[in-house]
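Here is my note on the structure you asked me to look over, set out as numbered points. I have kept to what can be read from the coordinates.

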Amino acid sequence: MTTLKISSFLYICLVSLLLTTKVLALSLTNSPNRRDAIQRIILATPIATALTQATQPALAYTPDPDPLRESLYLMSRVQEATVQQERFVNKATEQDVLKNKMKLTLRLVEKNYRLLDQITFAAEYVTPTSALVDATTAGFESAEALQNAIDYVKSDLKSGPFEKDQKEYLTSNLTESRERLFDFLSYMPPDKLQAARKRVEEENVANRDEFDGDSDAGVYNPVVLPWKNR
């Protein structure tokens with residue numbers, strides 16, 4: 001039987017959920033199974049108390065008054081961003097050029113959308129509650145894959161030709177992040193998820209209309225939103 005080890009990133013994510021509790025002594029290193037480790041944390045710490053409200057993005061804008069819809073909107077923006085980054089990766093030929101393109105946009109994704117915080121907050125709304133372990137495992141793995149891509153761009157892209165194995169690594173992590181986030185979102189209230197996605201779509205249409213015909217705006221070339229292909 002295959003045993004899943006807990007990566008260092010996931011370990012940090014899980015421990016962060018316990019910082020305000022009295023169960024910090026719980027050791028993940030003694031648990032060889034990722035699912036078992038997550039389940040122990042969920043049973044020890046009510047996720048509803050880990051984050052009292054969805055994290056707002058850093059840029060000034062009007063958030064959704066419904067905290068869950070706001071969180072789902074930010075997660076939908078993360079999924080969109082992974083598609084945008086994959087487009088950069090697929091067109092890249094030089095490492096330094098790709099790094100310059102991806103570094104800023106991934107930093108904005110990391111700072112403004114705070115995927116791990118959104119997953120932690122939204123986990124309170126997982127339905128059915130019996131699926132909490134499966135849902136949060138998917139969410140944490142999505143955040144881990146995104147972080148892998150961010151770290152790779154920061155540290156491993158240098159100069160010279162962009163190699164096939166580099167392309168495969170970045171693409172696989174961006175895809176994994178998006179797909180595991182789909183898995184997590186499948187446990188969310190469908191009406192609120194639909195409303196969050198509709199907001200993304202409406203904002204994109206407004207942006208397209210604003211940029212259309214503006215010679216100073218450059219080429220506005222949005223991606224196909226990932227949930228449109230499912």
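1. Among contacts in the protein chain between residues at least 6 apart in sequence, 78% join residues at least 24 apart. Please keep in mind throughout that this is a predicted model. The protein chain has 8 helices and 0 strands, so that, read along the sequence, its pattern is α-α-α-α-α-α-α-α. Of its 230 residues, 44% count as buried.

2. One helix pair to look at is formed by H3 (residues 67-91) and H4 (residues 95-113), whose axes lie 11 Å apart and pack at an angle of about 175 degrees. That angle makes H3 roughly antiparallel to H4, because angles over 145 degrees are counted in that way. On the H3 side the contact is made by Leu 74, Arg 77, Val 78, Ala 81, Gln 85, Phe 88 and Val 89, and on the H4 side by Leu 98, Lys 101, Met 102, Thr 105, Leu 106, Val 109, Asn 112 and Tyr 113. Sorted by class, this contact of H3 with H4 has 10 nonpolar, 3 polar and 2 charged residues.

3. Within that contact, Ala 81 may serve as an example, being found in helix H3. With a relative accessibility of 6%, Ala 81 counts as buried, since the cut-off for that class is under 20%. Ala 81 and Val 109 are 28 residues apart in sequence, while their C-alpha atoms are 7.4 Å apart in space.

4. A second pair is made by H5 (residues 115-122) and H6 (132-155), with axes that come within 9 Å and cross at roughly 175 degrees. H5 and H6 are therefore roughly antiparallel to each other. Leu 115, Leu 116, Ile 119 and Thr 120 of H5 meet Gly 139, Phe 140, Ser 142, Ala 143 and Leu 146 of H6. By class, the contact of H5 with H6 has 6 nonpolar, 3 polar and no charged residues.

5. Asp 156 is placed in the loop between helix H6 and H7. Its relative accessibility is 39%, and Asp 156 therefore counts as partly exposed. If its neighbours within four places in sequence are left aside, Asp 156 is in contact with Gln 95, Asp 151 and Gln 166. As for Gln 166, which is 10 residues from Asp 156 along the chain, the C-alpha atoms of the two are separated by 9.0 Å.

6. Does the length of helix H7 (residues 164-185) agree or disagree with what its number of residues predicts? At 1.5 Å a residue, the 22 residues of H7 should span 32 Å, and because the end C-alpha atoms are 31 Å apart, the two values agree. The buried residues of H7 are Gln 166, Leu 170, Thr 171, Asn 173, Leu 174, Ser 177, Arg 178, Arg 180, Leu 181, Phe 182, Phe 184 and Leu 185.

7. Turning to charged side chains, the count comes to 14 salt bridges. In one of them the side chains of Arg 199 and Glu 70 meet, at 2.8 Å from N to O. This pair links distant parts of the chain, with Arg 199 in helix H8 (residues 190-211) and Glu 70 in helix H3, 129 residues apart. Arg 199 and Glu 70 are both buried.

8. Arg 178 also forms a salt bridge, with Glu 86, and the closest N and O atoms are 2.7 Å apart. Here too the pair links distant parts of the chain, since Arg 178 is in helix H7 and Glu 86 is in helix H3, 92 residues apart. Arg 178 counts as buried because its relative accessibility is 10%, and Glu 86 counts as buried because its value is 11%.

9. The salt bridge between the side chains of Glu 202 and Lys 198, at 4.0 Å from N to O, lies within one helix: both residues are in H8, 4 residues apart, about one turn of the helix. An α-helix has 3.6 residues a turn, so residues three or four places apart point the same way. Glu 202, at 47% relative accessibility, counts as partly exposed, and Lys 198, at 49%, also counts as partly exposed. Salt bridges that share partners join Glu 70, Arg 77, Glu 80, Arg 199 and Glu 203 into one network.

Terms used
Residues are numbered from 1 along each chain as its sequence is written. This is a predicted model: local features need pLDDT of at least 70, side-chain atom pairs count only at pLDDT 80 or more; totals for chains, interfaces and linings use all residues. Side-chain values use heavy atoms; hydrogens and water are left out. Axes are lines fitted to C-alpha atoms, for helices over the stretch in contact, and angles run from 0 to 180 degrees between N-to-C directions. Helices (H or I, at least four residues) and strands (E, at least two) are DSSP runs, numbered from the N terminus. Angles under 35 degrees count as roughly parallel, over 145 as roughly antiparallel, 65 to 115 as roughly perpendicular and the rest as oblique. Contact means heavy atoms within 4.5 Å. Ala, Val, Leu, Ile, Met, Phe, Trp, Tyr, Cys and Pro count as nonpolar, Asp, Glu, Lys and Arg as charged, and the others, Gly among them, as polar. The expected span of a helix is 1.5 Å times one less than its number of residues. Buried means under 20% relative accessible area, exposed over 50%, partly exposed in between (1.4 Å probe, protein chains only).
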